[in-house]
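Take a walk through this protein chain with the model open beside you. The route goes from the overall layout to single residues.

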Amino acid sequence: MTFSIHILTLFPEFFDGPLKASLTGKAIERGHFDVQITNIRDFATDKHNKCDDLPYGGGAGMVMKPEPLVGALEKAREQQPKAPRILLTPQGERFDQHIARELAEGPGMILTCGRYEGVDQRVRDHWIDREISIGDFVLTGGEPAAMVLLDATTRLLPGVLGNEESIADESFGEDDEMLEYPQYTRPRSFRGHEVPEVLLSGHHARIEEWRRNKARERTRARRPDLLDDQE
Ligand code: ADE
């Protein structure tokens with residue numbers, strides 16, 4: 001069964017570039033997963049194709065209307081009854097590598113991109129399984145966040161990276177939560193800055209130890225919260 005991602009959005013063109021680019025584009029071409037984009041506006045029920053309206057109770061901004069969104073969500077659900085229906089919103093649970101792994105193990109996902117000041121609460125209560133935020137900042141819409149989920153999740157699917165080892169080694173890998181050690185490549189000397197001697201030694205045990213120490217040093221300096229659970 002192919003991992004299937006269905007994106008519901010008012011701005012389908014947002015995804016034209018990112019889905020063609022680099023690894024993601026190649027992985028789709030090779031059939032490692034598929035992506036379907038639905039324009040929520042196609043499910044508008046009035047003659048002006050209206051998808052937003054004024055908030056009941058007053059206040060600034062517009063709210064996404066329930067009819068087009070639920071129409072799009074129902075169609076996506078028919079095609080993928082088992083995929084979680086996710087709303088991208090700054091009020092959701094914070095996305096991280098654990099969630100990416102959890103989603104990658106499932107059948108796919110239905111990603112709903114919020115716009116305007118919000119989404120009618122009844123849609124969130126009855127047609128959405130999970131709300132996810134990519135961080136404590138506010139985007140103009142859920143589209144960049146949906147792309148972040150897609151990217152972080154699909155690179156974990158078997159065969160997409162073609163190098164399973166690099167996943168285990170990287171920051172937030174399977175074993176422990178540490179930032180990655182510093183990497184160097186040729187040339188050995190660049191504008192007076194040298195590659196650390198130990199990496200040229202060919203001594204694998206010493207290299208491993210150096211990398212472990214550097215990873216810990218960097219994690220302690222930049223993200224001490226990651227070490228709190230382990231020490
Ligand atoms: N939509 C607007 N801001 C967002 C965020 N930080 N995460 C997910 N979706 C969003």
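What follows starts with the domains, moves to the sheets and then turns to the helices.

The model is a predicted one. Keep that in mind throughout. The domain assignment of the protein chain gives two entries: domain 1 covers 3-154 and domain 2 covers 165-227. Measure from C-alpha centre to C-alpha centre, and domain 1 and domain 2 lie 36 Å apart.

Begin with the sheet of five strands. It is open, its strand order is 2-1-6-5-8, and its pairing is parallel. Strand 2 (33-39) and strand 8 (130-133) stand at the edges. Each has a single partner strand, so one side of each is left without a neighbour in the sheet. From one strand to the next, the twist averages 35°.

Now look at strand 1, residues 3-9. How many of its seven residues are buried? Seven of the seven are, so strand 1 is largely enclosed by the rest of the structure. Follow the side chains in turn. Phe3, Ile5, Ile7 and Thr9 point one way from strand 1. Ser4, His6 and Leu8 point the other way. Both sets are buried.

Strand 1 has strand 2 as one partner. Seven bridges join the two, and they run parallel. Within this pair, Ile5 stands opposite Val35 of strand 2. Strand 6 (residues 108-113) is also joined to strand 1, by five bridges, and this pair runs parallel too. Two positions show the register. His6 has Ile110 of strand 6 as its bridge partner. Leu8 stands opposite Thr112 in strand 6.

Helix 6 (residues 143-154) packs on this sheet. It touches strand 1, strand 2, strand 5 (85-94), strand 6 and strand 8. The direction of helix 6 makes about 165° with that of strand 6.

There is another sheet to find. This one is open as well, with three strands in the order 3-4-7 and mixed pairing. Its edge strands are strand 3 (52-53) and strand 7 (118-119), and each pairs on one side only. Strand 4 (residues 63-64) is joined to strand 7 by two bridges, and the two run parallel. Met64 has Val119 in strand 7 as its bridge partner.

Turn next to helix 2, residues 22-29. Which side of it is buried, and which exposed? Thr24, Gly25 and Ala27 are buried. They cover an arc of only 165° around the axis, which puts them on the same side of helix 2. Ser22 and Glu29 are exposed on the other side of helix 2. The cover over the buried residues includes helix 1 (16-20), strand 2 and helix 6. Just after helix 2 comes Gly31, which takes a positive phi of about 80°.

Thr24 makes a good close-up of that covered side. It lies in helix 2. Its relative accessibility is 8%, and buried means under 20%, so Thr24 counts as buried. What does Thr24 touch, leaving out residues up to four places away in sequence? Its contacts are Pro18, Leu19, Phe33, Met147, Leu150 and Asp151.

Go back to helix 6 for a helix-helix contact. Two packed helices are described by the angle between their axes and the distance between the axes. Helix 4 (residues 97-104) and helix 6 pack at an angle of about 70°, and their axes are 8 Å apart. Angles of 65 to 115 degrees count as roughly perpendicular. Helix 4 and helix 6 are therefore roughly perpendicular to each other. On the helix 4 side, Ala100, Leu103 and Ala104 make the contact. On the helix 6 side, Leu149, Ala152 and Thr153 do so.

End the walk at His126. This residue lies in helix 5, residues 121-127. Is His126 buried or exposed? Its relative accessibility is 55%, and the cut-off for exposed is over 50%, so His126 counts as exposed. Its partner for a last distance check is Val70. His126 and Val70 are 56 residues apart along the chain. Their C-alpha atoms are separated by 9.5 Å.

Conventions:
Residues are numbered from 1 along each chain as its sequence is written. Side-chain values use heavy atoms; hydrogens and water are left out. Two strands pair if DSSP finds at least two bridges between them. Helices (H or I, at least four residues) and strands (E, at least two) are DSSP runs, numbered from the N terminus. Axes are lines fitted to C-alpha atoms, for helices over the stretch in contact, and angles run from 0 to 180 degrees between N-to-C directions. Contact means heavy atoms within 4.5 Å. Domain bounds come from an automatic or database domain assignment. Buried means under 20% relative accessible area, exposed over 50%, partly exposed in between (1.4 Å probe, protein chains only). The arc is that of the directions from the helix axis to the C-beta atoms. Angles under 35 degrees count as roughly parallel, over 145 as roughly antiparallel, 65 to 115 as roughly perpendicular and the rest as oblique.
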